[in-house]
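What follows is a walk through the structure shown below, going from charges placed over rings to ring pairs, then to the nonpolar cores and one helix.

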Amino acid sequence: MSKEKFKILSIDGGGIKGVFPAYYLALVEQELANREDGKIKIKDHFHLITGTSTGGIIALALSLGIPAKEIYDLYIENAGSIFINKKYSKLGKILSFFKQIIWSTHGRNTLEDLVRNKFKESFNGEDDPRLNDCLTHVAIPIYDLIKGNPSVLKSPYHPNFKRDLHIPAFKAAMATSAAPTYFDPYSTEYIDMEGMKRPFSNKVDGGIMANNPTLVGIIEALKAFNKNLDDLEVLSLGTGYKKYTEGDSNRKKWGLFYWMVKNGRKRLIDLFMQSQAQLVENYISLLYQGIDKTERDNPNFIYDRVNVNLCEDDLIEMDEKDPKRIKSFAELAMAEFHENGSHILKSHFY
């Protein structure tokens with residue numbers, strides 16, 4: 001009898017582009033609905049779920065047993081209120097630009113209320129579930145501006161992991177999704193399970209250092225769960241990618257306007273997050289198939305990456321508000337599922 005694999009699900013960051021992994025997983029759960037063993041939810045099929053930013057929100061929701069379709073619906077139905085839709089005249093756009101020099105683009109109250117209520121609903125309807133209450137273990141990257149270092153919020157899957165188990169799950173979700181320039185750093189406090197008030201201040205989106213958190217999951221499995229590389233079975237979900245290139249060697253204007261404003265794109269944020277995600281894929285390839293894929297016929301563990309290469313027409317910003325464009329983006333997940341869903345289901349869910 002073959003040894004049971006340690007199963008990891010990883011979900012990238014990407015703002016509203018989280019509809020891609022959410023819809024993909026909703027299609028998976030649709031296929032699982034008639035299972036006789038009762039394993040009909042994503043949480044039933046993984047030992048560890050890691051997610052960054054929007055992927056962190058999805059990871060925490062899945063770990064609490066919330067169906068993926070409900071997460072997808074939450075995004076589709078509320079994008080316009082999460083990212084308040086504003087129409088500006090030319091003068092208004094100029095004023096908006098100067099406003100953004102001082103303030104973040106969006107407030108988070110709507111997003112926080114939606115996530116908190118959804119998490120409560122999954123728990124008992126009254127209390128906020130904590131990381132200790134996750135039904136599948138989670139690892140959620142953030143950046144801590146108080147300490148000045150990256151951090152990973154973890155459910156208590158190791159005896160030494162006592163720091164984070166008290167944190168309400170919705171507060172962890174807000175911390176990992178506090179993308180710079182889009183939202184302010186997340187600052188709050190909470191009452192731990194012993195009744196002590198604890199600060200939880202100046203937390204920033206984990207996407208600045210782990211937008212693709214697959215390596216986070218692998219390292220946690222190796223060190224905290226004491227697994228070997230060949231014990232692992234990894235499913236990694238992206239949020240769409242478009243290689244960031246700039247072929248105009250004659251460009252002279254490389255200032256803030258180009259990187260953060262021109263054509264409504266925050267290119268600098270895209271560049272940081274895409275380059276980090278691509279670096280992780282490169283390192284995963286080394287672990288998985290060796291240098292120059294010399295071990296492709298005998299890979300070191302089970303690994304699948306689900307993502308989609310975006311053309312210019314598919315590309316949306318992290319704070320896209322138009323429901324038609326968001327639904328069109330989510331349809332890319334359906335196309336991807338039709339192409340490789342049978343393999344993913346067989347490899348990771350049966």
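K7 lies over the face of F46, 5.7 Å from the ring centre. Likewise, the charged end of R267 sits over the ring of Y258, at 4.8 Å from its centre. A charge counts as over a ring if NZ of Lys or CZ of Arg is within 6 Å of the ring centre and within 35 degrees of the ring normal. The model is a predicted one, in which local features need pLDDT of at least 70 and side-chain atom pairs count only at pLDDT 80 or more, while totals for chains, interfaces and linings use all residues. Residues are numbered from 1 along each chain as its sequence is written, and side-chain values use heavy atoms, with hydrogens and water left out.

Searching the whole structure gives 15 aromatic pairs (rings of Phe, Tyr and Trp, the last by its six-membered ring, with centres within 6.5 Å; planes under 30 degrees apart are stacked, over 60 edge-to-face, the rest tilted). Y24 and F337 form an edge-to-face pair, 5.4 Å centre to centre with 80° between the planes. Because Y24 lies in helix α1 and F337 in helix α11 (residues 323-348), this pair ties together parts 313 residues apart in sequence. Helices (H or I, at least four residues) and strands (E, at least two) are DSSP runs numbered from the N terminus. Both Y24 and F337 are buried, that is, under 20% relative accessible area, with exposed over 50% and partly exposed in between (1.4 Å probe, protein chains only). Y186 and F200 are also edge-to-face, at 6.4 Å and 75°, and both are buried. Ring pairs further link F6, Y157, F161 and F225 into a cluster.

The largest nonpolar core (buried Ala, Val, Leu, Ile, Met, Phe, Trp, Tyr and Cys residues joined through side-chain atoms within 4.5 Å) has 78 residues, of which L9, L60, L62, F119, L131 and F349 touch the most other members. Its largest share, ten residues, comes from helix α1 (residues 19-32). A second, separate core of 19 residues includes V216, F225, L232 and Y288.

Beyond four places in sequence, the contacts (heavy atoms within 4.5 Å) of L9 include L25, F46, L62 and L237.

Helix α5 (residues 109-123) has 15 residues, and its end C-alpha atoms are 21 Å apart, which agrees with the 21 Å expected at 1.5 Å a residue (1.5 Å times one less than the number of residues). Its buried residues are L111, E112, V115, K118, F119 and K120. Their cover includes α2 (54-63), α3 (68-82), α6 (169-176) and β5 (186-191). After α5 comes G125, with a positive phi near 85°.
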